[in-house]
Amino acid sequence: MARGEIIYVAKPTWYTEKTYPGHAKFYEHFAAQLKQFHEVRALELPDIWVRDFLPVQNMQTRELYQLFFDPRYANYTPKFTAAIRKQVRDAFPHAKPCDVRMDGGNVVLAPDKKQAFCLEKQTIFHKSNPAQKERVEQELKRALGVQKIVWLPQQKDDKIGHIDGYIQFVGDFLTEGTIALYGELAIAPLLDCKATDILRGYAKANGLDMCRLLCAGNEEDWLSAKGLYVNFLETSRAVFVPQFNLPEDDRVIDIMKKYTCKPLVRIDCEQISQYGGAVHCLTREYNEYQRNF
């Protein structure tokens, strides 16, 4: 029986354990849960947040494209960033280059696979140069296989700089071809008015109800993703839901049950989330791609 997507994760090493204490133990349980539904491939990499730097996939051709990873949201040294890029190239030697300075956590495909939401940042293009923005859009369209790029402004309180947790809810819950938003998961609005208007317009055009995000963590601990339940991973076979040993854990599971018939797999992210991410950030899924990859 087909196993759906291939899920890539970072393999535990002495280095990742030193940087992220507890990663090895987390990986042991997480990989076992993923393998119940999918083929899992672990790569030996300098960092664990593979969503940021592994290639993106063109949904039309199934080809892989490598964005230029040079983050501004973390204290990565140039040497460390270069090491990540090199090991990714070694792991995916046939991935085609995409000349856009962007990390994969800032790209979310719309449900119809014809549009992509991307976070607008000065490191990607200069707003004073429309031609540069047009070039970036064309590169991203080519890499992702989409017809339109929807730009969202960077959030003033978002120091990490990711957008996947903000707008993943727009399209990740697919139930028998029907898109459903879990509007009950609404505690803290993290999108400003302009971004909310863009998403609301998209949602209305697709018959959706707009909602806010759940983020129960301490605002002073801005790096932590504890309580960010939207950092889940939905695949064709299951939904892997982060759990944080918070009172909201069970309520979130109960709410999600209303919107999908897929198995809901609880993933204990209490410790790993303090380093800035959860299930979605730790994975990169690919559909079947060309044999040479």
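A nonpolar core, for this tour, is a set of buried Ala, Val, Leu, Ile, Met, Phe, Trp, Tyr and Cys residues joined through side-chain atoms within 4.5 Å. Buried means under 20% relative accessible area, exposed means over 50%, and partly exposed is in between (1.4 Å probe, protein chains only). What you have open is a predicted model, where local features need pLDDT of at least 70, side-chain atom pairs count only at pLDDT 80 or more, and totals for chains, interfaces and linings use all residues. Residues are numbered from 1 along each chain as its sequence is written, and side-chain values use heavy atoms, with hydrogens and water left out.

**Stop 1: the whole chain**

Show the cartoon. The protein chain has eight helices and 14 strands; these are DSSP runs (helices H or I, at least four residues; strands E, at least two), numbered from the N terminus. Of its 293 residues, 53% are buried. Contact here means heavy atoms within 4.5 Å. Among contacts with a separation of 6 or more, 75% are between residues 24 or more positions apart.

**Stop 2: the largest core**

Now select Trp49, Leu54, Phe92 and Phe240. They have the most contacts inside the largest nonpolar core, which has 49 residues. Colour S1, H2, S2, H3 (50-53), H4 (78-91), S12, H8 and S13 as well: these are the elements that give two or more residues to this core.

Zoom in on Leu54. Leaving aside neighbours within four places in sequence, Leu54 is in contact with Tyr8, Leu43, Leu45, Gln66, Val88, Phe92, Arg284 and Tyr286.

Another core, of 18 residues, lies apart from the one you have just seen; Tyr65, Leu67, Cys98 and Cys118 are among them. We'll come back to some of those names.

**Stop 3: helix H2**

Select residues 23-35. H2 has 13 residues and reaches 18 Å from its first C-alpha to its last, close to the 18 Å expected at 1.5 Å a residue (the expected span is 1.5 Å times one less than the number of residues). Show side chains for His23, Phe26, Tyr27, Phe30, Ala31 and Leu34, the buried residues of H2. Look down the axis: these buried residues fall within an arc of 120°, so they line one face of the helix. That arc is taken from the directions from the helix axis to the C-beta atoms. An α-helix has 3.6 residues a turn, so residues three or four places apart point the same way.

Then flip the view. The face turned away from the buried side of H2 carries exposed Lys25 and Glu28. Back on the buried side, the cover includes S1 (6-10), H1 (14-19), S2 (39-43), S11 (233-234), S12 (239-243) and S13 (264-268).

**Stop 4: the sheet under H2**

Keep S11, S12 and S13 on screen. They form an open sheet of three strands in the order S11-S12-S13, with mixed pairing; two strands pair if DSSP finds at least two bridges between them. S11 and S13 are the edge strands, each pairing on one side only. S12 and S13 pair in the parallel sense over five bridges, and you can pick out Gln243 with its bridge partner Asp268 in S13.

H2 packs on this sheet, touching S11, S12 and S13, and its direction makes about 170° with that of S13. Add H8 (residues 248-257), which also packs on the sheet, touching S12 and S13, at about 155° to the direction of S13. Axes are lines fitted to C-alpha atoms, for helices over the stretch in contact, and angles run from 0 to 180 degrees between N-to-C directions.

Before leaving, click Asn245, in the loop between S12 and H8. Asn245 has a positive phi of about 60° although it is not a glycine. At 59% relative accessibility, it counts as exposed.

**Stop 5: S6, S7 and their loop**

Select S7 (residues 115-120): six of its six residues are buried. S6 (residues 107-109) runs antiparallel to S7, joined by three bridges, and Leu109 stands opposite Ala116. In the loop between these two strands sits Asp112, partly exposed at 34% relative accessibility.

**Stop 6: Ala143 and Arg62**

Go to Ala143 in H5 (residues 130-144). Buried or exposed? Ala143 is buried, at 0% relative accessibility. Not counting residues up to four places away in sequence, Ala143 touches Val56, Gln57, Asn58, Tyr65 and Cys98. Draw a distance to Leu67 too: the C-alpha atoms are separated by 8.7 Å, though the residues are 76 apart along the chain.

Finish at Arg62, in the loop between S3 (56-57) and S4 (64-68). Its phi is near 70°, a positive value in a residue other than glycine, and at 30% relative accessibility Arg62 counts as partly exposed.
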